[in-house]
Amino acid sequence: MTNDDSYLSKGFRQAVALASEFGYVVAIAPDRVQSGMSQAITIHNPLFLRKVEQSENAEIYAFSGTPVDCAKFAFDYFFGDRKVDLVLSGINHGSNAAINVMYSGTMGAAIEGSLYGVPSIGLSIDDHDADADFEGAVEYGRMVVRQVLEAQEHLPRPLCLNVNVPRCAASEIQGIRLCRQTRGFWREEFYEREDPHGRKYFWLTGAFQNAEPEATDSDEWALANRYVAVVPVQTDMTDYRQLTHLQGVIK
């Protein structure tokens, strides 16, 4: 297990409790918030590991690296010969639907875990509140984890699922939708400020632009209509459509 909101986040603690229902949990998570880190890795600084908790069903470590650092460290050093059944990253505070999957540290770690041949799930809720209600995310996350574990022998690898839960009471969730990533993009705004020394600095914000608001098979539609969105994610970023068009252009 890992995430990008740090080992101290409420969502992470909820996920540890969820995962421990299925087996022994080893959690290596960032020691501070690492949101928006995507597939970033640490190559110019040393990394530090600290055990923060040990119980009958789980051991939790704080790591000074990025979410992907956590995954790489776990598989390439920490686990040794131990077999891993599942990678669970989250529960993330905030949706990772649509283009957010490209920026998310939570999804970066889940994708990295899948590259080791282990079924991986990134679990997020469409609520950035530090004290968000995770009841629905836990309930439906439990369903997805169980279904993946039960069917993993029959599913091709790599396998990575981007699971996003709507912001509403668990009783209001309409079910699960297997869907695709919404086409869209963020348009950023940079707010200029000045510190007491006269130096300019900037705050980044922005808004998501849905390029297909009428689509009913996308993750953004699912969330807007109170469904849990499940999108299988792949790492092959080849644009096969453009390969055809470029045949007569690039020679």
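# Pockets, a buried helix and nonpolar cores

Trainee: Which element gives the largest share of the lining of the largest pocket?
Mentor: The model is a predicted one. Three elements, α3 (100–103), α4 (105–114) and β10 (227–232), each supply at least two residues of the lining of the largest pocket. The largest share of that lining is three residues, and the element that supplies them is α4.

Trainee: How much space lies in the largest pocket, and which residues are the closest to its centre?
Mentor: The space in the largest pocket is about 690 Å³. Its lining is made of 23 residues. Those closest to the centre of the largest pocket are M102, Q181, Q234, D236 and M237.

Trainee: How do the residues of the lining of the largest pocket divide into nonpolar, polar and charged?
Mentor: This lining includes residues of α3, α4 and β10. By kind, the lining of the largest pocket divides into nine nonpolar, 10 polar and four charged residues.

Trainee: Which element gives the most to the lining of the second largest pocket?
Mentor: About 530 Å³ of space lies in the second largest pocket. Among the 23 residues that line it, the closest to its centre are Y24, V26, V84, D85 and L86. At least two lining residues come from each of β1 (25–30), α2 (67–78), β4 (87–93) and α5 (135–151). With four residues, the element that gives the most is α2.

Trainee: How many residues of the lining of the second largest pocket are nonpolar?
Mentor: The charged residues of this lining number three, and the polar ones two. The count of nonpolar residues is 18.

Trainee: Why is α4 largely enclosed by the rest of the structure, and which elements do its buried residues pack against?
Mentor: A residue counts as buried when its relative accessible area is under 20%. Because 10 of the 10 residues of α4 are buried, this helix is largely enclosed by the rest of the structure. The buried residues include T106, M107, I111 and E112. They pack against α2, β4, α3, β5 (120–125) and β6 (160–165).

Trainee: Which backbone nitrogen does a side-chain oxygen of S104 reach at the start of α4?
Mentor: The contact is found at the start of α4, where the side-chain oxygen of S104 comes to within 3.1 Å of its partner. That partner is the backbone nitrogen of T106.

Trainee: Which element gives the largest share of the largest nonpolar core?
Mentor: This core has 35 residues, and those with the most contacts inside it are M1, F12, L88, I91, I121, L161 and V163. Two or more residues come from each of α1 (10–19), β1, β3 (58–63), β4, β5, α5, β6 and β10. The largest share, six residues, comes from α5.

Trainee: How many residues are in the second, separate core?
Mentor: I28, Y61, F63 and C70 are included in this second core, which is separate from the largest one. Its number of residues is 13.

Trainee: Is D195 buried or exposed?
Mentor: D195 is placed in the loop between β8 (184–194) and β9 (200–210). Its side chain reaches the backbone nitrogen of H197 at 2.8 Å. Because its relative accessible area is 15%, D195 is buried.

Trainee: How far apart in space are E172 and A74?
Mentor: E172 lies in the loop between β6 and β7 (175–178). E172 is partly exposed, with a relative accessible area of 32%. E172 and A74 are 98 residues apart in sequence, and their C-alpha to C-alpha distance in space is 37 Å.

Methods. Residues are numbered from 1 along each chain as its sequence is written. This is a predicted model: local features need pLDDT of at least 70, side-chain atom pairs count only at pLDDT 80 or more; totals for chains, interfaces and linings use all residues. Side-chain values use heavy atoms; hydrogens and water are left out. On a 1 Å grid over the protein atoms alone, a cavity is a set of points where a 1.4 Å probe fits but cannot get out, and a pocket is an open set with protein on both sides within 12 Å along at least five of seven lines; lining residues have an atom within 4 Å of a point. Grid points are joined across faces, edges and corners, and a volume is the space filled by probe spheres set on the points. Ala, Val, Leu, Ile, Met, Phe, Trp, Tyr, Cys and Pro count as nonpolar, Asp, Glu, Lys and Arg as charged, and the others, Gly among them, as polar. Buried means under 20% relative accessible area, exposed over 50%, partly exposed in between (1.4 Å probe, protein chains only). Contact means heavy atoms within 4.5 Å. A polar contact is a pair of N or O atoms within 3.5 Å; within protein, one must be able to donate a hydrogen and the other to accept it, and residues adjacent in sequence count only if both atoms are side-chain atoms. A nonpolar core is a set of buried Ala, Val, Leu, Ile, Met, Phe, Trp, Tyr and Cys residues joined through side-chain atoms within 4.5 Å.
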